[in-house]
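Me: Please take a close look at a single part of this model and explain, for a newcomer, what meets what there.

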Amino acid sequence: MKKNLVFISNEIAKDKGGIQNMCFHLSKAFCEYFNLTIICSADSEVDSNINAKIIRSKYTSTNLNKFRKDIIRLLFNLYKNEGIDFVLTAQYCISSCCYLLKKTHKVPFGILAHGNEVYGDVGSGGIKTILLNLFRKIIIKSSDVVFANSVYTRSLVLKIYSKANIVVVHPPIDYHEEKIIDIQESEQKYELFSLARIVERKGLQLVIQSLPLLLKRYPKLHYNIGGVGNYIQKLKELVNKLHLEDKVFFLGALSEKEKQKYMKECSLFVMPSFSMPNEHSVEGFGIVYLEANSYGKFVIGSQSGGIPDAITSGKTGFLAEENNIQSVAKCIDDFFNPNFSYSPHCCQLWAKEHSANVIVKTYYKEIYNIINHYKK
């Protein structure tokens, strides 16, 4: 008999990146194994075709404090009327409801850990920071399991609470097998592609800065950048400064169809992210590398955060040194070297291991073991 699972997330959306997209694919996959109820914000774009009960708060995702309080009401009403076997939250910061439900009714809960939210202290100093960090530790300590998206994120959680039960499970992707067309050497293209929320940490400026070095050897090289963000103006200024206007192209926000087009047509996907400790910002994993692999594409990331979990070095991609222009340039140069070859099929197989219907089995096994332990 299926157990009653409640999945709580501020936002669940197929066509948004990061956590929202991951929560969407997890939600779809959970339906095969659980009687699923989703609690989300009023403006969440969760697909009504998902075979789950969807309960929306009266508050939007931009009103997080009121949303958190409203979850308590919604969760306790659900427990009273239908019963709950397990609660899973997408972020620890919305887990106070789970803490209260466990203390009053012994309902187990788990939380997802992504990277930034467990990277260093919370807050900007003073008594508020002390209280926020204490709250985070209490939630992690009280949870029955923390699902960390990488080995690196697991290490961050252990710094907060060393006795936490942590299961490393990579984020799922919406895997669709693409037919790989082998490119003959005479047809070799020199097309780089990045797709990201354009912020400083994604390292796209490193790729742009590497181009003057690379263009001496590969004059046909050009670089397409998809996405929007607050760092885009800085990148455009850098392009102008280096006189690369005919080599670097900003595509803006891409539809799913456009994203697929550029993924299929590029030679190499690049996103050499680096950590920014002062801003508590790090790449906890990097789903986009696997998405590129699913098209048979080789990728370039960096030795930063949880990225080494997402890239099998030398087989599905290269890992550049963190925040290092010369290392990024060398990785790109190594890829286009005539003596280098890789298997697009190997890239696809790696991506396939991260399809939602595969990844969800780890969640299923762990959650059911916890539920059964509580029923004893």
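Reply: Contact here means heavy atoms within 4.5 Å. The model is predicted, so local features need pLDDT of at least 70 and side-chain atom pairs pLDDT 80 or more, while totals for chains, interfaces and linings use all residues. Residues are numbered from 1 along each chain as its sequence is written, and side-chain values use heavy atoms, leaving out hydrogens and water.

The part chosen is the meeting of two helices (DSSP runs of H or I, at least four residues, numbered from the N terminus). On the H6 side, Leu204, Gln205, Ile208 and Gln209 take part, and they meet Leu235, Leu238 and Val239 of H7. The residues of this contact comprise 5 nonpolar, 2 polar and no charged (Ala, Val, Leu, Ile, Met, Phe, Trp, Tyr, Cys and Pro are nonpolar; Asp, Glu, Lys and Arg are charged; the others, Gly among them, are polar).

Helix H6 covers residues 204-215 and helix H7 residues 232-241. Their axes, which are lines fitted to C-alpha atoms over the stretch in contact, lie 10 Å apart. The packing angle, taken between N-to-C directions on a scale from 0 to 180 degrees, is about 5°. H6 and H7 are therefore roughly parallel to each other, a term for angles under 35 degrees (over 145 is roughly antiparallel, 65 to 115 roughly perpendicular, and the rest oblique).

To sum up, H6 and H7 pack at an angle of about 5°, and no charged residues belong to their contact.
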